[in-house]
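User: Please explain how the terms applied to this model are justified.

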2 protein chains.
Amino acid sequence: MEQSETPCGLDVSLEIMGGKWKPLILYHVQDGPTRFSEVRRLIGGISEKVLAQQLRDLVAMGVLERRDHHRVPPVVDYSLTPFGKTLVEALIPLCEWGNRNRAHVTKLSRNASRMKIG
Amino acid sequence: MEQSETPCGLDVSLEIMGGKWKPLILYHVQDGPTRFSEVRRLIGGISEKVLAQQLRDLVAMGVLERRDHHRVPPVVDYSLTPFGKTLVEALIPLCEWGNRNRAHVTKLSRNASRMKIG
DNA sequence: GGCAGTACATACCAAAAGGTAAGTGTGGGA
DNA sequence: TCCCACACTTACCTTTTGGTATGTACTGCC
């Protein structure tokens with residue numbers, strides 16, 4: 001990206017939210033403080049280990065805030081920082097694009113894997 | 001994602017453009033037909049092998065079109081399909097977000113790696 | 001023949017990301 | 001005492017992605 005001549009900030013955005021799970025985590029936390037187990041449930045299919053790791057990164061990058069309620073059993077929730085909210089706003093178009101094109105892409109994926117086999 | 005209760009199409013978008021290089025490729029091809037070597041130059045830091053692989057995927061998913069000019073030396077260019085254009089449009093907010101927050105994120109990255117060492 | 005330019009492909013490996021299984025700490029209740 | 005719920009952590013492994021080095025195909029030129 002260092003040699004790019006056009007202004008593209010995707011390297012920056014991707015540094016924060018790149019990967020399989022971070023975009024989804026950010027999306028699902030947008031409605032307010034969300035508990036670890038609830039984040040996991042909303043996303044589906046992510047292991048506790050990977051979720052913990054990804055949340056830790058997002059907190060470190062200042063887009064998520066972690067609040068420990070000091071209870072037993074533990075109660076911890078995660079919410080977007082103001083900074084994080086700006087990022088999620090930038091993610092929404094991509095989310096909507098996905099929704100609009102879900103059927104089409106599903107078909108494409110099937111065709112693509114057929115071509116690989118054939 | 002299957003168990004998600006809120007409509008989030010990010011799984012779909014990420015299926016097409018997920019990963020280190022695809023977003024950047026899509027961004028850099030938006031101005032019209034772009035040759036393999038030019039894509040590589042614009043992006044910077046990507047190997048020929050990985051570029052070829054990523055372009056192949058994007059063509060397979062119908063967001064890029066490959067045109068071979070049947071010359072020697074070979075002349076091949078890649079351009080966005082109409083479908084691909086809609087995707088790049090959805091990527092622009094993320095790109096702009098990255099540009100706006102580049103300095104802030106650079107600082108965060110430095111702090112994050114310091115914390116890991118310390 | 002060798003060399004050039006271009007767009008790949010192949011072989012093998014490194015690095016990163018993700019996954020499964022089991023473990024830890026804490027207070028509360030039976 | 002044991003068991004529970006919750007949010008993690010640790011150990012070890014698998015899968016995916018990216019990387020380096022080299023090779024291939026093609027025509028034209030010296």
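The exchange below treats the sheet and then the surface near one DNA strand.

Analyst: This is a predicted model, in which local features need pLDDT of at least 70 and side-chain atom pairs count only at pLDDT 80 or more, while totals for chains, interfaces and linings use all residues. Residues are numbered from 1 along each chain as its sequence is written, chains are lettered from A and ligands numbered from 1 in the order in which they are written, and side-chain values use heavy atoms, without hydrogens and water.

User: What makes β2(A) and β3 of chain A paired?

Analyst: Strands are DSSP runs (E, at least two residues), and helices are runs of H or I with at least four, numbered from the N terminus. Two strands pair if DSSP finds at least two bridges between them. Five bridges join β2(A) to β3 (residues 76–80), so the two are paired, and they run antiparallel. Within this pair, Arg67(A) stands opposite Asp77(A).

User: Why do β1 and β2 of chain A stand at the edges?

Analyst: The open sheet has the order β1-β3-β2. β1 (34–35) and β2 (64–68) each have a single partner strand, so one side of each lacks a neighbour in the sheet.

User: What makes the link between Tyr78(A) and DNA strand D a polar contact?

Analyst: A polar contact is a pair of N or O atoms within 3.5 Å; within protein, one must be able to donate a hydrogen and the other to accept it, and residues adjacent in sequence count only if both atoms are side-chain atoms. A side-chain N or O atom of Tyr78(A) lies 2.5 Å from a phosphate oxygen of DNA strand D, so the pair qualifies.
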